[in-house]
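Okay, thanks for coming, everyone. Let me put the model up on the screen, and then we'll walk through it piece by piece.

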Amino acid sequence: MRASASLGRRVLRWAGKIALTGLLCSVGSVALLRFIDPPMWSWRIERAMFPPAKITQVRHEWVDLASISKELQLAVIAAEDQRFADHNGFDMNAISAAFKHNQRSERVRGASTLSQQTAKNLFMWSDRSFLRKGLEAWFTLLMELGWDKARILEVYLNIVEFGPGIYGAEAAARTYFGKPASRLTRYESSLLAAVLPNPWRYRIKPPSPYVQKRSVWIRRQMGQLGQITLNRVHQAD
């Protein structure tokens, strides 16, 4: 009986040490990435190890947010997270709407914010387990507490996948349009944002009918959101 109790205490101590180590590592890594651009991230590593199809070349070049067209900044907000400037990492309205939609439809709708997507791309793996979603929520909370909105948007736009092996706005702009990300037009930006739900499925050049239709919708949303939305994102730092 005593041996069993002693073993239980040792297990609890080790579990506590592991939990504390994980806590400190997660807080430390998020704090560090507030100032240091990540040279690698989990989503890119997983894609390299288990690509959905053959990748002939990997393209990526980190650029500051100031070197990314404001048209593209606004386009991804319009397409992916229109309440980005207002929420604390989780859009409860979108979560509620997605829950109701998924109850009556076989087609699953997501509700991840740009903050959640950034946390997933940086730190998580691709399955849909409760463990992964819980860790994603934890990292999202840490980022929202330690980073400003502009930094979250900057990291997102530098690590998000725009096509097979094409990571970040700069690589996408040069691959698809032969120009730096700073010179992207509203039309080009809307095309890039339109493929974000599934950049391995949807194509930009030439744009598929779905991408064309979605890009029109994105440009309408950009017009409604306006420059004031970006101003609020940049003023939140």
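So, the overall surface to start with: the chain exposes about 13,100 Å², with areas from the Shrake-Rupley method and a 1.4 Å probe, and for residues only the protein chains shown count as cover. Carbon and sulfur atoms supply 58% of that exposed area. Before I go on, the small print: this is a predicted model, where local features need pLDDT of at least 70, side-chain atom pairs count only at pLDDT 80 or more, and totals for chains, interfaces and linings use all residues. Residues are numbered from 1 along each chain as its sequence is written, and side-chain values use heavy atoms, with hydrogens and water left out.

Okay, the fold. We've got 10 helices and three strands; those are DSSP runs, H or I of at least four residues for helices and E of at least two for strands, numbered from the N terminus. Reading from the N terminus, the order is α-α-β-α-α-α-α-α-β-β-α-α-α. Of the 237 residues, 44% count as buried, where buried means under 20% relative accessible area, exposed means over 50%, and partly exposed is in between, with a 1.4 Å probe and protein chains only. And if you take contacts, meaning heavy atoms within 4.5 Å, between residues at least 6 apart in sequence, 71% of them join residues at least 24 apart.

Now, the surface has a nonpolar patch I'd like you to look at. Leu20, Leu23, Leu24, Val27, Trp138, Leu141 and Leu145 form it, with about 640 Å² of accessible area together. The patch rule takes residues with over 30% relative accessible area and no salt bridge; like charges are joined within 9 Å, and nonpolar side chains (Val, Leu, Ile, Met, Phe, Trp, Tyr) within 5 Å. Which helix gives the most to the patch? That's α1, with four residues. Both α1 (2–33) and α6 (130–146) supply at least two each. Take Leu20 as an example: it sits in α1, and at 48% relative accessible area it is partly exposed.

Staying with α6, let's talk salt bridges. A search of the whole structure finds 13 of them, each one a side-chain nitrogen of Lys or Arg within 4 Å of a carboxyl oxygen of Asp or Glu. In α6, Arg132 pairs with Glu136, the closest N and O atoms being 2.6 Å apart. Because these two are four residues apart in the helix, about one helical turn separates them. An α-helix has 3.6 residues a turn, so residues three or four places apart point the same way. Arg132 and Glu136 are both buried, and Glu136 has a relative accessible area of 1%. Glu136 also meets Lys133 in a salt bridge, at 3.4 Å, N to O. Lys133, at 34%, is partly exposed.

Another pair is Arg83 with Asp91, at 3.1 Å, N to O. Buried or partly exposed, what are those two? Arg83 is partly exposed at 38%, whereas Asp91 is buried at 7%.

On to helix packing. The axes of α3 (residues 70–80) and α7 (residues 149–159) come within 11 Å and cross at roughly 90°. Axes here are lines fitted to C-alpha atoms, for helices over the stretch in contact, and angles run from 0 to 180 degrees between N-to-C directions. So α3 is roughly perpendicular to α7; the bins are under 35 degrees for roughly parallel, over 145 for roughly antiparallel, 65 to 115 for roughly perpendicular, and oblique for the rest. From α3 the contact uses Leu72, Gln73, Val76, Ile77 and Glu80, and from α7 it uses Leu153, Tyr156 and Leu157.

Helix α3 turns up again around α9 (residues 186–194), where seven of nine residues are buried, including Leu191 and Leu192. The cover there includes α3, β2 (161–163), α8 (169–177) and α10 (209–235). In α10 itself you'll find Gln221, buried at 12%. Gln221 touches Ala78 and Gln82, not counting residues up to four places away in sequence.

Last stop: Glu61, in the loop between β1 (59–60) and α3. Glu61 is partly exposed at 41%. Leaving aside neighbours within four places in sequence, Glu61 is in contact with Asn158, Tyr167, Glu170 and Arg174. And the C-alpha atoms of Glu61 and Ala172 are 9.5 Å apart, with their positions 111 residues apart along the chain.
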